[in-house]
Amino acid sequence: MIAPSILSADFARLSEEMAAVGGPGRGADWLHVDVMDAHFVPNLTLGLPVVESLLRSTDTPLDCHLMIDAPDRWAPGYAEAGAHNVTVHAEAAEDPVALAKNLRAAGANAGLSVKPDTPLESYTDVLKHYDTLLVMSVEPGFGGQKFIERVLEKVRAARRMVDTGHLNLLVEIDGGINSDTIEQAAEAGVDCFVAGSAVYGAEDPVRAVEGLRARALDASAHGSA
Ligand SMILES: O=C(CO)[C@@H](O)[C@H](O)COP(=O)(O)O
């Protein structure tokens, strides 16, 4: 699956920019929405009122990535509003198990994200309550950064746990994904790829999405061969 990150889109034309990457069937599977609070990360983007408007302007499922402090308090609102996935940071959540239950009860898939230096081992029990694991392959906060290759070890570990039945979730990766890096991420076992600049920086965003998907499918076929 490919989830274009609208962080790299033109914020003055968000609904057009979301439509420009297509939707299920042709183009984006999900649209990735980065919510940043200038506390958990050193950048400020948008919040719940904007997400509510975005939900009204697209049929493509929204994958909301909350890079915020106090997600236990704020994240359920995104689920209640109708986001398909609501992802919170393991480093910020006070009670990640209760939070996952609240997100699911409000109708969303629950996602847990880890920064590049956060080990997965501390969260393996917690992850049993989650639907997606979002492995950050850059320090969260900005688009257009360089892919951090060492996080692939975490992807491989998560893939092994899923394939052996210890976890039941989608493995998602975010940061620095482009036509040069997507193959190694796919070979490591990623299910869903977030890409911002590689999609919105392209002349034809739908073609960029399809190009990324083709490379990922090809590489995952090799990875599992
Ligand atoms: O969460 C983030 C950044 O913190 C991402 O979703 C970025 O939007 C990815 O952008 P690219 O690295 O693909 O340009």
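A strand is a DSSP run of type E at least two residues long, and strands are numbered from the N terminus. The model shown in these views is predicted.

**Overview: the protein combines helices and strands.**
The protein has 8 helices and 10 strands. Its radius of gyration is 16 Å, close to the 17 Å that the globule rule gives for 225 residues, so the protein is as compact as a globular protein of that length. Along the principal axes, the C-alpha atoms fill a box of roughly 45 × 40 × 30 Å. Of the 225 residues, 45% count as buried. Now take the contacts with a separation of 6 or more: 62% of them join residues 24 or more positions apart.

**Close-up of Asp-34, a residue in strand β4.**
UniProt, in an unreviewed entry, lists Asp-34 under "active site", together with Asp-174. How far apart do these two get in space? They are spread over 141 residues of sequence, yet the largest C-alpha distance is 10.6 Å. Is Asp-34 buried or exposed? Asp-34 is buried, because 24 other C-beta atoms lie within 10 Å, and the cut-off for buried is 20 or more. Leave out residues up to four places away in sequence, and Asp-34 touches Ser-5, Leu-7, Thr-45, His-65 and Met-67.

**Close-up of Asp-174, the partner of Asp-34 in the "active site" record.**
Asp-174 is found in strand β9, which spans residues 170–174. Asp-174 is buried too, because its count is 26 other C-beta atoms within 10 Å. Beyond its neighbours within four places in sequence, Asp-174 is in contact with His-65, Leu-134, Met-136, Ser-137 and Val-194. His-65 also appears among the contacts of Asp-34. The record names Asp-174 again under "binding site".

**Close-up of the ligand and the residues around it.**
The ligand is surrounded by 22 residues, and the closest are Ser-5, Leu-7, Gly-143, Gly-196 and Ser-197. Which elements give two or more residues to this shell? They are β4 (31–36), β10 (192–195) and α7 (197–200). By class, the shell holds 8 nonpolar, 12 polar and 2 charged residues. The unreviewed UniProt entry has a "binding site" annotation whose residues include Ser-5, His-65, Gly-143, Gly-196 and Ser-197.

**Close-up of Ser-197, a residue of helix α7.**
Ser-197 is one of the residues closest to the ligand. Ser-197 is partly exposed, because 17 other C-beta atoms lie within 10 Å; the cut-off for buried is 20 or more. Not counting residues up to four places away in sequence, Ser-197 touches Ser-8, Gly-143 and Gly-144. UniProt's "binding site" annotation covers Gly-143 and Gly-144 as well as Ser-197.

**Close-up of the largest nonpolar core, with Val-155 among its best-connected members.**
This core has 70 residues. Which of them touch the most other members? They are Val-86, Val-155, Ala-185 and Phe-193. Look at Val-155 and set aside its neighbours within four places in sequence. The contacts of Val-155 are then Val-135, Val-171, Ile-173, Ala-185, Ala-188, Gly-189 and Val-190.

**Close-up of two loop alanines, Ala-38 and Ala-70.**
Most residues other than glycine have a negative phi. Ala-38 has a positive phi of about 65°. Where does Ala-38 lie? It lies in the loop between β4 and α2 (48–56). Ala-38 is partly exposed, because 13 other C-beta atoms lie within 10 Å. Ala-70 also has a positive phi, of about 55°. Its place is in the loop between β5 (62–67) and α3 (71–81). Ala-70 is partly exposed, with 15 other C-beta atoms within 10 Å.

**Close-up of Ala-105 in helix α4.**
Helix α4 covers residues 96–105 and contains Ala-105. Is Ala-105 buried or exposed? Ala-105 is exposed, because 12 other C-beta atoms lie within 10 Å, and 12 or fewer counts as exposed. Ala-105 and Pro-76 are 29 residues apart in sequence. In space, the two are 9.0 Å apart, C-alpha to C-alpha.

Notes
Residues numbered from 1 in each chain as written. Predicted model: local features only at pLDDT ≥ 70, side-chain atom pairs only at ≥ 80, totals over all residues. Core = buried A, V, L, I, M, F, W, Y, C linked by C-beta atoms within 7 Å. Contact = placed C-beta atoms within 7 Å. Near = placed C-beta within 6 Å. Helix = DSSP H or I, 4+ residues; strand = E, 2+ residues; numbered from the N terminus. Nonpolar A, V, L, I, M, F, W, Y, C, P; charged D, E, K, R; others polar. UniProt positions renumbered as here; feature names shortened; annotations may be inferred. Rg over C-alpha atoms; globule rule 2.2 N^0.38 Å.
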